[in-house]
Amino acid sequence: MTQGRIRDVGAPADGRPGERDDDRYDDEEYPEPLPAAEAAREGLRLITTLAGREPQGVVSLESTDEGWRVGVEVVEDHRIPASTDLLGLYEIDIDVDGELLGYRRVRRYQRGKGEVG
């Protein structure tokens, strides 16, 4: 196996030290992505605002090409006993800046009824 020298990407091709071309990484061109925990909090805030429902919590978080898809479980209808509440699972799509791209209710189900399968 041959050992090679690792060249600094910003250095000239001849291997001599030089100035890096960091201008190609402008903050505007490559925005700092929204961290996962912040995306989850934003999903909770958005579902409360959009659906006017009481969130139970984040149940899924998935990275997408545009940003994040946050799955949030909410109480759709309070019942007595609470174990029979009607819940909804919503997916909220947000971009890397935390802006809403879309949301939808994926399913409704009774609390206490586990997923089948």
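A residue counts as buried when its relative accessible area is under 20%, and as exposed when that area is over 50%. Glycine 71 has a relative accessibility of 0%, so glycine 71 is buried. Serine 63 has a relative accessible area of 52% and is therefore exposed. These values come from a predicted model.

**Overall make-up**

The protein chain contains one helix and four strands. Along the sequence these elements follow the pattern α-β-β-β-β. The chain has 117 residues, and buried residues make up 27% of them. Its accessible surface comes to about 8,600 Å², and carbon and sulfur atoms account for 47% of that surface. If one takes the contacts between residues at least 6 apart in sequence, 37% of them join residues at least 24 apart.

**The sheet**

Strands of a sheet pair through backbone hydrogen bonds, and the pairing is either parallel or antiparallel. In this model the four strands form an open sheet in the order β1-β2-β3-β4, with antiparallel pairing. The edge strands are β1 (54-63) and β4 (100-110), each of which pairs on one side only. On average, neighbouring strands of this sheet are turned by 20° against each other, direction ignored.

Strand β1 runs antiparallel to β2, and eight bridges join the two. They form a hairpin, with three residues between the strands. On its other pairing, β2 (residues 67-77) is joined to β3 (residues 86-95) by ten bridges, and this pair is also antiparallel. Some of the residues that stand opposite each other are given below.

| Residue | Partner | Strand of the partner |
|---|---|---|
| Glutamate 54 | Valine 75 | β2 |
| Valine 58 | Valine 72 | β2 |
| Glycine 67 | Aspartate 95 | β3 |
| Aspartate 77 | Leucine 86 | β3 |

How many of the eleven residues of β2 are buried? Nine are, so β2 is largely enclosed by the rest of the structure.

**Two residues in the strands**

Glycine 71 lies in strand β2. Apart from its neighbours within four places in sequence, glycine 71 is in contact with Gly57, Val58, Val59, Ser60, Leu89, Tyr90 and Glu91. Glycine 71 can also be compared in position with glycine 43: the two are 28 residues apart in sequence, and their C-alpha atoms are 7.8 Å apart in space. Glycine 43 is one of the buried residues of helix α1.

Serine 63 is found in strand β1, which is an edge strand of the sheet. Between serine 63 and aspartate 93 there are 9.7 Å in space, C-alpha to C-alpha, and the two are 30 residues apart in sequence.

**The helix**

Helix α1 covers residues 36-51, which makes 16 residues. At 1.5 Å a residue the helix should span 22 Å, and its end C-alpha atoms are 22 Å apart, so the expected span and the distance in the model agree. The helix is followed by glycine 52, whose phi is positive, near 65°.

Which residues of α1 are buried? They are Ala39, Ala40, Glu42, Gly43, Leu46 and Ile47. These residues cover an arc of only 165° around the axis, which means that they are on the same side of α1. The face turned away from this buried side carries Arg41 and Thr49, which are exposed.

What covers the buried residues of α1? The cover includes β1, β2, β3 and β4.

**Summary**

The predicted model has one helix and four strands. The strands make an open antiparallel sheet, and the buried residues of α1 have these strands as part of their cover. Within the sheet, β2 is largely enclosed, because nine of its eleven residues are buried.

Technical notes: Residues are numbered from 1 along each chain as its sequence is written. This is a predicted model: local features need pLDDT of at least 70, side-chain atom pairs count only at pLDDT 80 or more; totals for chains, interfaces and linings use all residues. Side-chain values use heavy atoms; hydrogens and water are left out. Two strands pair if DSSP finds at least two bridges between them. Axes are lines fitted to C-alpha atoms, for helices over the stretch in contact, and angles run from 0 to 180 degrees between N-to-C directions. The expected span of a helix is 1.5 Å times one less than its number of residues. Buried means under 20% relative accessible area, exposed over 50%, partly exposed in between (1.4 Å probe, protein chains only). The arc is that of the directions from the helix axis to the C-beta atoms. Contact means heavy atoms within 4.5 Å. Accessible areas come from the Shrake-Rupley method with a 1.4 Å probe; for residues, only the protein chains shown count as cover.
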